[in-house]
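Me: I should be grateful for a close look at a single part of this structure, namely the sheet and the helices that pack around it. Please explain each term as it arises.

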Amino acid sequence: MIKTPFGFSSTAADVVRGVDLGGRRVVVTGGSSGIGVETARALASAGAEVTLAVRDLAAGERTAKNITVTTDNDKVHVAELDLSSLASVRAFAADWQGPLHVLIANAGVMACPEQHTEQGWELQFATNHLGHFALATGLHEALAAAGNARLVVVSSSGHQLSPVVFDDLNFAFRPYDPWLAYGQSKTANVLFAVEANRRWAADGITANALMPGAIYTNLQRYTDGRGSGKTPPEMFKTVEQGAATSVLLAASPLLEGVGGRYFNDCNEAELLDRRSGTLYGVARYAVDPGNAERLWAVSEARLQQG
């Protein structure tokens, strides 16, 4: 179990303090809102060249300017990326030039009404997992070229709501439930990190997943801003605290060579055999190597069909 000096109240600025990221190139998906902004800000403050991969270019440009002003780093860029569109993901990957040291799969949707992409994929699974899977595999050569790259996948304690139901990924048979769909997609996030770490370790790429904590952001737009409505007020974090674990996994020397794990509050999470009813812990099915390998194969097949 990986333990660090940081915890619940640590901020992104705390965990990156003293870290020099000069010369390192970072992509943050969803970097124009919520914890994505503070993740990008902290990494830019440490000298990284940061690209905000966003759907709304105007919002991205405003965020980039703000980060430049607050960090004195003018190497903050904006690029268009819609994770629900395979064409958009492939265009982003094709346009990328040179090595990529850190990819932070941060963007996502939560508990939205039933929707499907043009390929017929359930939207939460498509956006939260398949879009990031296509992006990371499309950027694999750039990550490998960096020599010691990191893939950071933002998941959620919501993964405890559902395993990946391989026989019905798109709710073709089950009645659609926005929280079960969200849970399935967040389990997929963890499994993706587990299998990416196994497959890409020889390329010097490590991959980890994380739960950022409960934070009031635009992610809750489909839930009246309350998320699940079950989290005690004292368990909510600021956006600066919510970005801390992402930044730790992306930048800290404490995580050098560490991969295939799930973190919350800046520390490796306890393994669970039943739902905890809290924000902590990782379900055994979410880190199971067999599930991870199967999800990878299914995801590749979906992209080939798309």
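Reply: Helices (H or I, at least four residues) and strands (E, at least two) are DSSP runs, numbered from the N terminus. By that rule the protein chain has 10 helices and 12 strands. This is a predicted model, in which local features need pLDDT of at least 70 and side-chain atom pairs count only at pLDDT 80 or more, while totals for chains, interfaces and linings use all residues. Residues are numbered from 1 along each chain as its sequence is written, and side-chain values use heavy atoms, with hydrogens and water left out.

The sheet comes first. Two strands pair if DSSP finds at least two bridges between them. Eight strands form an open sheet with mixed pairing, in the order E3-E2-E1-E4-E5-E6-E9-E10. Its edges are strand E3 (76-80) and strand E10 (267-268), each of which pairs on one side only. Strand E9 (residues 262-264) runs antiparallel to E10 and is joined to it by two bridges; in one pairing, Phe263 has Glu268 of E10 as its bridge partner.

At the E3 edge, helix H4 (residues 86-95) lies across E3, strand E1 (25-29) and strand E2 (49-54). H4 runs at about 140° to E3, where axes are lines fitted to C-alpha atoms, for helices over the stretch in contact, and angles run from 0 to 180 degrees between N-to-C directions.

H4 also packs with helix H5 (residues 123-138): their axes come within 9 Å and cross at roughly 25°. H4 and H5 are therefore roughly parallel to each other (angles under 35 degrees count as roughly parallel, over 145 as roughly antiparallel, 65 to 115 as roughly perpendicular and the rest as oblique). In contact (heavy atoms within 4.5 Å), Leu86, Val89, Phe92 and Ala93 of H4 meet Gly131, Ala134, Leu135 and Gly138 of H5. These residues divide into six nonpolar, two polar and no charged; Ala, Val, Leu, Ile, Met, Phe, Trp, Tyr, Cys and Pro count as nonpolar, Asp, Glu, Lys and Arg as charged, and the others, Gly among them, as polar.

A second helix pair is formed by helix H2 (residues 34-45) and helix H3 (residues 57-71), whose axes come within 10 Å and cross at roughly 40°. H2 and H3 are therefore oblique to each other. Val37, Ala40, Arg41, Ala44 and Ser45 of H2 make the contact with Thr63, Asn66, Ile67, Thr70 and Thr71 of H3. By class, this contact has four nonpolar, five polar and one charged residues.
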